[in-house]
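Work through the exercises below with the model open. Try each task before reading its solution.

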Amino acid sequence: MTTVLPEATATKPPIQRSEPMLVAMRDPAADRTAVEWAAARAAALDVPLTVLHAIADPSLMPPGRLYGDEVIAGRVMVSREASRVVHQHPGLRISTYLHCGDVVEALLGLSTAAPMIVVGADRRDPVSGEFKGSVALQVALNSSTPVAVVPPAYGYRTDSSQPGGGVVVGVDGSEVSRAALLRAADEAHTSGTALTVVTALGSSPQRMAVGASPMLLAVRTRYPDLLVSWIVDDLHTPAEALALYGTGSDLLVIGRHGSGARSAMSLGSVTHTLLLEPPCPTLVLTRRELERPEDGSTPAGE
């Protein structure tokens, strides 16, 4: 079942930010899409961007390799990447940060001040099919600021008239999904696009019967001109439904269940599944988003 609310024109108000967004670049080939997505977003919102690259701790260097050479190579690589994206976005304010040590610890240490952290999706080994590391999962699990995970195969739409696009959010009636819905509405309004709200009935149909209408009414009250579609899916699991409707979208917004643990399973099964293979750039909300004021204003630094 699909309910489409009346169509209207979305606006794009100016947004003021002071702290830079943060994007991790582990290697140029694998994380280029994440860097480009972060640069495009930072340029559109007129906020600064910091490109972070981490090199191994000196104690972990293989014998025969000079640590100084690694530092120089890291600096050259991250500087070249910053120069490349500035060429694409001439007005972008960009800086680089070279960290000696674990990339997850570096990102989490900077997450308090950054309005958003952007990372590439964790990669599979082409032979075994196993995931190589869990940077995206660990950062999404422990960050105090929202985390965007960008898949390597994400393709940018250059024409807004093309099918697809827009912002997608999953709603199950919980406070976490309420926060995700409000943030998704903010994202759709700011980018001048449509919002698709997805409810998989297998998740919690009784709770949704009580919570869905007031939640959507809150969005309509805040953004009366926003085009909103509500899809009720009774064929797929929540993870399957969000992967289906998220494919080809500009952004998928999901909430994080659980916090402060080091086990990736503490993310919740839906979030964990979607972050392993995100269908599009996926924004994971954290505890900070749940503490937003009731009037919908954004806390400083976000």
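**Exercise 1: a loop residue**

Asp46 lies in the loop that joins helix H1 (28-45) to strand S3 (49-55). Helices (H or I, at least four residues) and strands (E, at least two) are DSSP runs, numbered from the N terminus. The model is predicted: local features need pLDDT of at least 70, side-chain atom pairs count only at pLDDT 80 or more, and totals for chains, interfaces and linings use all residues. Residues are numbered from 1 along each chain as its sequence is written, and side-chain values use heavy atoms, leaving out hydrogens and water.

Task: state what is notable about the phi of Asp46, and assign its exposure class.

Solution.
- Step 1. Phi is positive, about 60 degrees, although Asp46 is not a glycine.
- Step 2. Recall the classes: buried is under 20% relative accessible area, exposed is over 50%, and partly exposed is in between (1.4 Å probe, protein chains only).
- Step 3. Asp46 has 48% relative accessibility, so it counts as partly exposed.

**Exercise 2: the surroundings of H4**

Task: find how many residues of helix H4 (residues 135-142) are buried, and which elements they pack against.

Solution.
- Step 1. Eight of the eight are buried, so H4 is largely enclosed by the rest of the structure.
- Step 2. Among them are Val135, Leu137, Gln138 and Asn142.
- Step 3. Contact means heavy atoms within 4.5 Å.
- Step 4. The buried residues of H4 pack against helices H3 (103-110) and H8 (269-276), and against strands S5 (117-120), S8 (147-150) and S13 (282-285).
- Step 5. Now follow the chain onward. Thr145 sits in the loop between H4 and S8. Its relative accessible area is 0%, so Thr145 is buried.
- Step 6. Thr145 and Ile117 are 28 residues apart along the chain, and their C-alpha atoms are separated by 7.1 Å.

**Exercise 3: S13 and its partners**

Task: which residues of S13 are buried on each side, and in which sense does S13 pair with S8 and with strand S12 (residues 251-255)?

Solution.
- Step 1. In a regular strand, side chains alternate between the two faces of the sheet.
- Step 2. Thr282 and Val284 are buried on one side of S13, Leu283 and Leu285 on the other, so both faces are covered.
- Step 3. Two strands pair if DSSP finds at least two bridges between them.
- Step 4. S8 and S13 pair antiparallel over three bridges. S12 and S13 pair parallel over four.
- Step 5. Thr282 stands opposite Val149. Thr282 is also the bridge partner of Leu252.

**Exercise 4: two helix crossings**

Task: describe how H1 packs on helix H2 (residues 67-88), then how helix H7 (residues 238-246) packs on H8.

Solution.
- Step 1. Axes are lines fitted to C-alpha atoms, for helices over the stretch in contact, and angles run from 0 to 180 degrees between N-to-C directions.
- Step 2. The axes of H1 and H2 come within 11 Å and cross at roughly 40 degrees.
- Step 3. The contact involves Pro28, Arg32, Val35, Glu36 and Ala39 of H1 and Met77, Glu81, Arg84, Val85 and Gln88 of H2.
- Step 4. For H7 and H8, the axes come within 9 Å and cross at roughly 40 degrees.
- Step 5. Here Pro238, Ala239, Leu242 and Ala243 of H7 meet Val270, Thr273 and Leu274 of H8.
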